[in-house]
Amino acid sequence: MSSLDNNQQRTTTPMEERFTQVAHDPIDARHHGAIHVPVYQNSLFAFETYEAFEQAFQSLMHNHIYSRGNNPTVDYLEKKLAELEGAEEAKCFASGMGAISATIMSCVGAGDHIVCVDQAYGPTREFLSVYLSRFGVETTFVDGRFIENWQEAIRPNTKLFYLESPTTLFFELQDLQQCAALAKSIGARTVIDGTWATPIYQNPLALGVDLVVHSVTKYIGGHSDCVGGVVLGSRELVDRIGNNEYMLFGAIMTPQTAALVAKGLRTLPLRMQRHEESGMIIAEYVRSLPYVQQVNHPGMPHHPQRELAARQMSGSSSLFSFTTNVPLAKMKAWADNLQYFKIGVSWGGFESLVTVNAAGKQPEDGCIVRLYIGLESPQDLIADMNRAARELSLAAGS
């Protein structure tokens, strides 16, 4: 971008800028011009003098001393992710939950209170409600769609708002600006799991949120071949996590994982364009099916929070759900009959996935089906769902 004149810069679209951000690196003499950053597979870094050794310890997070604290391959990925998210700093972890738990722990102490969206990722809810309760940290779970619920849940000892927008079963949103402003007014931090939208389509830091966490296992890695997480935010807050929870808990990202994620990152904007387009095609098709009651996708015009989605996201991804009153056993049989959709947890890779869950406690409550649309042809995926439905004679209420 630095070689372009001002007129050219103004005509570059945001997505085109993303392409350049992830694909381009200046030649780095330290790596002998290598196109991919090398995998620094070593545990420690030696020094020629004690003076250099002691100086390095003055900034553990920004000098290469020991790979549990900082590794050049991981450091490279952190800088790329921070640039993409618009953050001052990033710290990568061994898993998404490693990033989430360390980030939450950095924000609270014994006796503090957390307000969390009630549809947050299951292990996150368990960490908040079960694990942290051992240390006297209490959590109130709220319907995050309405700012009044956040307001009513506040206590004198509230130190953290934990957001996940959109959520990843019913795909509900929180108003990030309102939540961030409310938290700041009481001296609390805001943390958001932004995995669904990725840094390509949502940048919560620009809306006032303090810290963003992502499971890089999902879209950012993009190939279902590695597990990792990242936290991004101001240098002050991320360095605090790096010097404490990251160093002490030991949930470090390996250089091998960082190299895989960095390669996946190169194609993230391109893949997200494809995921968004294919996801919308499939969601519109699913909405037309007679046995589908509701489609939950924030990118669709009928979504009840569509205006908010358009205001705080620049696009949408390809994970969504639908509800049906078809019995759970029959929908599981439908999933078994699918050829292009694999049955499995997680999402964000090249392969399409499906899970089927009970919508309530009674059989007549039907079920909720979560679809992840990968990189296959959407026409092939539609044909696959049509065939599986015909074989089971699916119809509304059947």
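Is aspartate 175 buried or exposed? Buried, with a relative accessible area of 11%. The close-ups below come from a predicted model, and this residue turns up again in the second one.

**Close-up 1. Aspartate 112 and lysine 159 meet in a salt bridge.** This is one view from a structure that holds 13 salt bridges. Here the closest N and O atoms sit 3.8 Å apart. The two residues come from distant parts of the chain, 47 residues apart: aspartate 112 is in the loop between helix H5 (96–107) and strand S2 (113–117), while lysine 159 belongs to strand S4 (residues 158–164). Aspartate 112 counts as buried, at 13% relative accessibility, whereas lysine 159 is partly exposed at 31%.

**Close-up 2. Arginine 311 forms a salt bridge with aspartate 175.** For this pair, the closest N and O atoms are 3.5 Å apart. Arginine 311 lies in helix H13 (residues 306–312) and aspartate 175 in the loop between S4 and helix H8 (176–185), so the contact ties together parts that are 136 residues apart in sequence. On the arginine 311 side we have a partly exposed residue, with a relative accessible area of 43%; on the other side, aspartate 175 is buried.

**Close-up 3. Arginine 311 also meets glutamate 307 in a salt bridge.** This time the N-to-O distance is 3.1 Å. Both residues lie in helix H13, four residues apart, or about one turn of the helix. Glutamate 307 is exposed, with a relative accessible area of 53%.

**Close-up 4. Asp143, Arg145 and Glu172 make up one network.** What joins them is a set of salt bridges that share partners. As a reminder of the basic idea, side chains of opposite charge can pair when their charged atoms come close.

**Close-up 5. Strand S12 (residues 367–372) is largely enclosed by the rest of the structure.** Why say that of S12? Because six of its six residues are buried. In a regular strand the side chains alternate between the two faces of the sheet. Here, Cys367, Val369 and Leu371 point one way from S12, and Ile368, Arg370 and Tyr372 point the other way.

**Close-up 6. S12 pairs with strand S9 (residues 319–324) and is joined to strand S11 (residues 352–358).** S9 and S12 pair in the antiparallel sense over six bridges, and one pair to look for is phenylalanine 320 with its S12 bridge partner, leucine 371. S11 and S12 also run antiparallel, joined by six bridges. There, threonine 355 has arginine 370 of S12 as its bridge partner.

Conventions. Residues numbered from 1 in each chain as written. Predicted model: local features only at pLDDT ≥ 70, side-chain atom pairs only at ≥ 80, totals over all residues. Heavy atoms only, no water. Salt bridge = Lys/Arg side-chain N within 4 Å of Asp/Glu carboxyl O. Buried < 20%, exposed > 50% of the residue type's maximum accessible area, 1.4 Å probe, protein only. Pairing = 2+ DSSP bridges.
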